[in-house]
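Student: I should like a close look at a single part of the structure shown below. Please describe that part with its neighbours, and give the cut-offs behind each term.

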Amino acid sequence: MLQSLRYGLATTALLIATQGHTETPQLPPPESTSLSKLQLMQGFPPPPDKLVTQANFNRFPNGRWALHHMRELQPSRGIARDPLADVAKLKYKDRGLGDLRFDDGSGQTTTVSEWLRDTYTDAFIVLHKGRVVYESYADGMDDQDQHILWSVTKSVTGLLAADMIQRGELDPDATVAHYVPELKDSAWGDATVQQVLDMTAAVRYREDYKDFTSDVYRYAFSSGILPKPKNYQGPASLYEFLASLTEKSGEHGEQFTYQTVQSEVVAWIISKASGRDYTDLLSERIWSKLGAERDAYVLVDSHGTPLAGGGMNTTLRDLARFAEMVRHKGHYNGEQMVSKAAIEDIFKGGERSKFEGGGLDFRQGQSYHNQWYQTHNDHGALQAAGIHGQMIHIDPQAELVVVKFSSHPVASSSFTYTSTTAALDAITEALQ
C-alpha cells in the first residue's frame, strides 16, 4: 500500500503543488481520455480496472472522472445557497470564440477549442461585460456538475478573511496565537494574520513529492486526501497536523513561499474570530446572496474540518458568478455582499520583491496578496489558480471573466501557463 501511495503522489502531485515543472512528460492524446471512452465507474459494480477510489483518484486518467465526483470519495460539508432565492440569470451573446486562432506561445497556431481539448479542459466559460460569450463542457461533464477548485479555494478563503478585516472583525496585525491559541507553540505563533494571508509566514514545511518523508505526505494523510497507510502514527486530523509544524524557516514577513498549510491556518483564524464554521460564514455572506444555481461544498477531514486550501467544489456558472462579483468589487445580484475596500485591496496586489524566489518562477513579475495573484500586466488582471488546470481570470479593464475547470495529467500550473496566457490574451483582444 505504501508503494502504491508513493507512486500515486509522485506521478500526479496532489492539491498543494503549483511549483515549477521541470520535466516534459509524455502525455496521452486528450481525445483518448474522454469519459465515454474510459468508461470509468460504469457498471454495478464497476470492473476493478475501472474503479476510482480515494486511494487511486490522483492517478491519471482517473482524475477525469474524480475531479467532478469528489463528494463520492471523501466526506464533505455543504455551502448553502438560499433555497428561496431566484437564480441570478446569466445573459448570453455567443461570440464564436471556439474558432478563434492564436499562437500558443511555442510558435504553434491553434484555436480556442483545440487549446481546451489539449489542456484536458472539463468546462470553460467566458463572460464579457457580464454576458456569457462562450461556454463549453467536455464529454462526461455538464452544467450541473460540481468540480473541485483545488487551490482556487484559497482565493475564496482569502476574500472572506479580507472582508472580515474591512468589517473590523479581524485584525491583520494581530498574531496567529491571539486568535488560535492552539498554534501558540507552532511556527505560526508570532506571525501576523496578514503574513499568513500573504504566505510570508516563515514555516518549515516541505512539499517534495519525490520524498516520501516530506511534510506533504503527512498533510495528505492527516487531512484525509489520501487514506492513512497501515501502522500510520502521524497526526490524525488537519488541526493536529498544523500544530505539529513548530520550526520556522526564517523571519516572518520577508519571503513569499507557496504553502497550502498557510491557507488552512487562515480558515482556522476565520472560524475562531467569527465563532462560526468556515462553511456557514461563507454561505451566509456570499453563497446565499450570489443567486447560485446549486449549493457548493467543501471536503472535510475525519473531524469535519473543512479543507479551505483546496477542497471547495462548485458548478462552472456559479464560480463565474462569484468571479463577476469580484470584478464588480463585491456588488452582485442587487447587493453589496463583500466590502468594496476589501476587493480594491486585493487588486492592488502584494510586494513583488517578496514574491520572487518563492517557488513560482513561471509567474515572474507577479505578486500575491490575500491569497490572490496580481499579474501586474497592462490590465491589472487578477487570478486564482489550482492544480490540474483550475483557474479564475478577472480583467477589470477588458470587463472580462474567465473560469476554467480541467483534469490535466500534470498538476503544476506551470506546464500549461504559456499557452493559457496566450489564449487569454487572444480572447481579450478579440472581445475588445
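Tutor: The part to examine is an open sheet of eight strands with mixed pairing, in the order β2-β6-β5-β16-β15-β14-β13-β12. Strands here are DSSP runs of E of at least two residues, helices are runs of H or I of at least four, and both are numbered from the N terminus. Two strands pair if DSSP finds at least two bridges between them. In general, the strands of a sheet pair through backbone hydrogen bonds, either parallel or antiparallel. The edges belong to β2 (91–92) and β12, and each has a single partner strand, so one side of each lacks a neighbour in the sheet.

The model is a predicted one, in which local features need pLDDT of at least 70 and side-chain atom pairs count only at pLDDT 80 or more, whereas totals for chains, interfaces and linings use all residues. Residues are numbered from 1 along each chain as its sequence is written, and side-chain values use heavy atoms, with hydrogens and water left out.

Within this sheet, β16 (residues 400–406) deserves the closest attention. Seven of its seven residues are buried, where buried means under 20% relative accessible area, exposed over 50%, and partly exposed in between (1.4 Å probe, protein chains only). Leu400, Val402, Lys404 and Ser406 point one way from the strand, while Val401, Val403 and Phe405 point the other way. The residues of both sets are buried.

On one side, β16 pairs with β5 (residues 121–128) in the antiparallel sense over seven bridges; Val403 of β16 is the bridge partner of Ile125. With β15 (residues 390–395), β16 also pairs in the antiparallel sense, over five bridges, and here Val401 is the bridge partner of Ile394. β15 in turn runs antiparallel to β14 (residues 382–386), to which five bridges join it. In that pairing, Gln383 stands opposite His393 of β15.

The connection between β15 and β16 is a hairpin with four residues between the strands. Its turn contains Glu399, which has a positive phi of about 55° although it is not a glycine. Most residues other than glycine have a negative phi. With a relative accessible area of 31%, Glu399 is partly exposed. Lys329, in the loop between α12 (316–327) and β10 (331–332), also has a positive phi, near 55°. Lys329 counts as partly exposed because its relative accessibility is 33%.

Lys404 of β16 leads to a contact with a ring: its charged end sits over the ring of Trp115, 5.3 Å from the centre. A charge sits over a ring if NZ of Lys or CZ of Arg is within 6 Å of the ring centre and within 35 degrees of the ring normal. The charged end of Arg363 likewise sits over the ring of Tyr373, 3.9 Å from its centre.

Tyr373 also belongs to a cluster that ring pairs form with Phe256, Phe355 and Tyr368. Rings of Phe, Tyr and Trp (its six-membered ring) pair if their centres lie within 6.5 Å; planes under 30 degrees apart count as stacked, over 60 as edge-to-face and the rest as tilted. A search of the whole structure finds 13 aromatic pairs. In one of them, the ring centres of Phe256 and Tyr368 are 5.1 Å apart and the planes lie at 50°, so the pair is tilted. Phe256 is in the loop between α9 (238–244) and α10 (260–274), and Tyr368 is in the edge strand β12 (residues 367–369), so the pair ties together parts that are 112 residues apart in sequence. Both Phe256 and Tyr368 are buried.

A further long-range relation involves Ser407, whose C-alpha is 9.3 Å from that of His68, although the two are 339 residues apart in sequence. His68 is placed in the loop between α3 (63–66) and β1 (76–79) and counts as buried because its relative accessibility is 5%.

The loop between α2 (35–38) and α3 contains Pro45 and also Pro61. The peptide bond from Phe44 to Pro45 is cis, with omega near 10°, and a cis bond with omega of about 10° joins Phe60 and Pro61. Most peptide bonds are trans.
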